[in-house]
Amino acid sequence: MRQHHKPTLLALALSAAFGHAGAVDREIQAETVEVVGSTPLSGVGVPRLHLPANVQSISASQMEEQESLNLPEAMLRQLPSVNLNEIQGNPFQADLNYRGFTASPLLGTAQGLSVYLDGVRINEPFGDTVNWDLLPHSAIAGMDLMPGSNPVFGLNTLGGALAIRTKSGFSHPGSKLELSGGSFGRRNVEIEHGGNAGSLGWYVAADWFKEDGWRDYSKSEAKQFFGKLSHKSAAGEADLTLSRAVTKMTGNGLLPLSMFAERRDQIFTHPDQTRNDMTQLALSGRLWLNDSQSLSGNVYHRRSTTRTLNGDVNDEFEDGVFDGVSNQESGANNRTRTRQQGSGLGVQWNLNSARHQLTLGTSFDYARMNFRQTQQLGLIDATRGIADPASEQEQNRLRGTTRTASLFATDTYALLPNLHLTGSARYNMSRVTTFDELDRSAPNLDGDHSYRKLNPALGLSWQIVPALNAYAGFSQGNRVPTPIELGCADPANPCTLPNSMAADPYLKQVVTQTVEAGLRGKLVGDIGWNAGVYRSVSSDDIIFVGTSTSAGYFTNFGKTQRQGLELGLNGRQNRVDWFANYSYLHATFQSGACLLAENNSTRGTAPECTAGGQDDEIRVRKGDRLPGLPTHSAKLGLNWRATDWLRLGGDVQAFSGQYARGNENNQHQSGTFTDALGNTRTFDGPGKTAGYAILNLNGEARLGGGWQMFAKVNNVFDKRYATAAALAENPFAGGSFQIDSGNWRRETFVAPGAPRAAWIGLRYAFGN
């Protein structure tokens with residue numbers, strides 16, 4: 001029997017506030033319902049407004065309109081609560097932060113986001129890192145950013161999950177060729193072709209990127225290939241994909257403020273190269289059991305080799321035999337080679353009925369890795385490179401494994417037509433083993449650690465009136481320590497980054513609990529809006545404590561908290577699309593501790609941290625801000641279709657300042673200070689970065705016959721800014737290497753932002 005409900009006073013009041021109820025209802029009904037995946041695998045599609053979270057999405061057309069070089073850049077420009085730390089100074093090696101949690105290619109960065117490509121988790125097993133240079137940019141059809149500690153997305157989903165989808169011959173038939181070039185000697189080629197015939201579809205894409213870079217000694221190159229064979233019929237669908245990438249990235253890292261002020265395009269030391277070679281083969285599919293039930297599954301194998309070469313100041317030079325005598329053994333070439341092989345499978349049963357969108361599933365992932373690190377001592381030369389290197393000395397040789405088995409379930413249940421309850425749970429069983437092939441005497445890198453965790457989630461979404469939706473939810477996620485973290489956890493033996501290791505104390509797994517709530521809807525004039533708050537509390541967070549520019553160790557830290565506010569507006573009027581987003585992030589330590597911070601001006605001044613004559617630690621207290629994260633961020637964007645053939649656009653990103661790594665107590669100051677033991681030292685730099693705002697412009701002209709011309713200008717006003725900072729020692733005070741470490745300066749180092757740059761290109765599209 002059909003039931004008729006009288007409108008409540010609340011509903012009437014809200015309808016009046018957000019537009020005429022009948023008009024809004026007709027408008028909403030005319031719109032397409034946005035559906036997003038609620039699991040990494042293709043399964044149940046859930047209407048976006050039924051989920052108790054503010055899921056953000058970017059399509060391939062949006063990335064193309066903004067002429068984004070890669071996915072992190074597209075997310076930076078459009079999505080709230082996203083910022084980039086350009087620690088490496090390379091556009092493909094940025095740290096992507098979302099709500100204070102990070103996905104980064106740099107070992108030593110606390111990872112807190114899981115990333116999936118067509119249902120395959122691409123966080124590398126050795127350090128949970130994400131290599132953005134391996135993603136096939138032109139083959140990306142879209143992405144969803146799932147906020148919170150959603151347990152369905154498995155390990156490392158502390159602050160969110162990024163689900164990337166690729167194109168197919170069914171979704172993107174036709175062909176396209178794109179050529180572009182401009183500043184920094186950048187050249188870029190993208191080729192793609194898709195098609196289908198009956199039940200068979202095919203798609204291939206190839207990208208080539210090369211540039212000289214805007215800083216000294218900064219050449220980079222990336223070659224990427226992606227192919228997909230697809231089958232679709234009434235019984236189901238299947239995709240066989242091949243991803244292949246070979247890259248050579250140069251990331252020249254941080255620069256002392258004194259050198260940044262002199263010339264921002266110089267480097268600290270060189271070379272700084274990372275070579276990646278990756279192949280991934282995956283088979284995924286879905287079989288329809290009946291109109292409401294299906295089975296989804298995937299199986300994959302991924303192989304990668306990462307080689308690094310870093311020219312660094314030798315950490316052993318200070319107070320060594322040549323300190324104050326000569327620059328012999330002043331530098332070191334640190335080389336690593338990491339080989340990883342990962343395989344896995346996942347299966348899930350899906351039910352899509354009138355009241356349930358239910359998934360039950362299981363997954364298993366196994367990875368093997370071999371790691372080798374060597375060092376060549378040499379001299380720092382006039383270019384700040386390494387001259388006269390000695391023979392290679394092996395520092396570490398390790399093999400290890402990671403394996404994780406999981407059971408999970410999620411259901412979005414319609415309590416009422418306008419009220420949906422989503423419940424989820426995942427049970428993870430993980431094991432991490434390491435075997436030291438170089439040193440068989442204890443203490444060494446041998447380890448065998450097991451972790452188990454049941455993570456729940458529960459939330460409600462309420463469609464109060466057609467133009468207003470409210471949501472609230474709780475979620476919990478975990479991640480287990482990686483082999484690199486377990487192998488670099490001894491403060492008495494700090495490790496040379498990216499990944500030199502020493503005997504491994506036990507580290508606990510990180511557990512994060514998130515609560516969030518918000519409102520979203522539409523105003524008169526087709527203006528969409530959202531407002532939300534969140535709080536994520538991490539227990540036993542794993543942080544990296546730096547002991548120099550290139551060394552440090554991992555340790556568990558009691559509790560950390562990230563809470564904030566997100567506000568967004570977007571609209572379309574005639575030929576203009578626009579958006580405006582604001583984010584507030586309050587990320588703090590929630591426990592007290594003494595942390596090693598040799599270049600902080602308050603070192604050795606806290607009584608609880610100077611026991612036994614210790615003079616190189618600082619006291620971190622509850623409420624101190626986490627470094628590397630801006631408190632305020634605002635983003636504005638506009639696209640104007642001036643004519644049928646011409647589009648002009650622009651966007652602004654503005655960020656407040658952030659504390660430097662090494663300034664975890666937020667108390668570092670420039671000047672000369674004496675510690676509790678009577679040691680007097682001088683420190684330069686503020687221990688934080690300044691806020692900044694940059695403007696980017698882009699445009700596109702359709703020339704007819706399938707031809708398009710496009711152009712973009714980044715950092716239009718050539719703003720000098722920094723996206724991250726750290727406290728460290730500068731041995732190049734005065735411009736050249738100082739053989740007496742007593743003349744080294746303790747400075748704030750920064751990650752310089754790129755100067756003004758412009759690129760222009762041609763795109764030829766034919767077919768559909």
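## Salt bridges, a small sheet and some unusual backbone spots

Asp615 counts as buried, because its relative accessibility is 18%, under the 20% limit. The model is a predicted one, so please read what follows in that light.

**Charged pairs**

Asp615 shares a salt bridge with Arg681, at 2.7 Å from N to O. The two come from distant parts of the chain, 66 residues apart: Asp615 sits in the loop between β31 (593-596) and β32 (617-620), while Arg681 belongs to strand β36 (residues 680-683). Arg681 is buried too, because its relative accessibility is 12%.

How many salt bridges does a search of the whole structure find? The total is 38. Here are three of them, with their distances.

| Pair | Closest N to O distance |
|---|---|
| Asp615 and Arg681 | 2.7 Å |
| Arg745 and Asp684 | 2.9 Å |
| Glu700 and Arg763 | 3.1 Å |

Arg745 and Asp684 form a salt bridge. That pair also links distant parts of the chain, with Arg745 in strand β40 (residues 745-752) and Asp684 in the loop between β36 and β37 (692-704), 61 residues apart. Arg745 is partly exposed, at 32% relative accessibility.

Glu700 and Arg763 are joined by a salt bridge as well. This pair spans 63 residues, from Glu700 in strand β37 to Arg763 in strand β41 (residues 757-766). Both Glu700 and Arg763 are buried. They also belong to one network of salt bridges with shared partners, together with Glu64, Glu67, Lys167, Lys176, Glu178 and Glu192.

**A positive patch**

On the surface, Arg187, Lys219, Lys248, Arg275, Arg303, Arg307, Arg339 and Arg368 form a positive patch. One of them, Arg303, lies in strand β18 (residues 293-313) and is partly exposed, with a relative accessible area of 47%.

**An open sheet**

Five strands make an open sheet with mixed pairing, in the order β3-β9-β10-β7-β8. Its edges are β3 (56-59) and β8 (120-121); each has a single partner strand, so one side of each lacks a neighbour in the sheet. β3 pairs with β9 (residues 140-147) in the antiparallel sense over four bridges, and Ile58 stands opposite Met143 in β9.

**Backbone details**

Most residues other than glycine have a negative phi, and most peptide bonds are trans. Tyr217, in the loop between β13 (200-211) and β14 (220-233), has a positive phi near 50 degrees. Glu329, in the loop between β18 and β19 (331-352), has a positive phi of about 60 degrees. The peptide bond from His270 to Pro271 is cis, with omega near 0 degrees; Pro271 is in the loop between α5 (257-262) and β17 (272-288).

Terms used. Residues are numbered from 1 along each chain as its sequence is written. This is a predicted model: local features need pLDDT of at least 70, side-chain atom pairs count only at pLDDT 80 or more; totals for chains, interfaces and linings use all residues. Side-chain values use heavy atoms; hydrogens and water are left out. Patches are made of residues with over 30% relative accessible area and no salt bridge: like charges are joined within 9 Å, nonpolar side chains (Val, Leu, Ile, Met, Phe, Trp, Tyr) within 5 Å. Accessible areas come from the Shrake-Rupley method with a 1.4 Å probe; for residues, only the protein chains shown count as cover. A salt bridge is a side-chain nitrogen of Lys or Arg within 4 Å of a carboxyl oxygen of Asp or Glu. Lys and Arg count as positive and Asp and Glu as negative; His and the chain ends are not counted. The place of a charge is taken as NZ of Lys, CZ of Arg, CG of Asp or CD of Glu. Buried means under 20% relative accessible area, exposed over 50%, partly exposed in between (1.4 Å probe, protein chains only). Two strands pair if DSSP finds at least two bridges between them.
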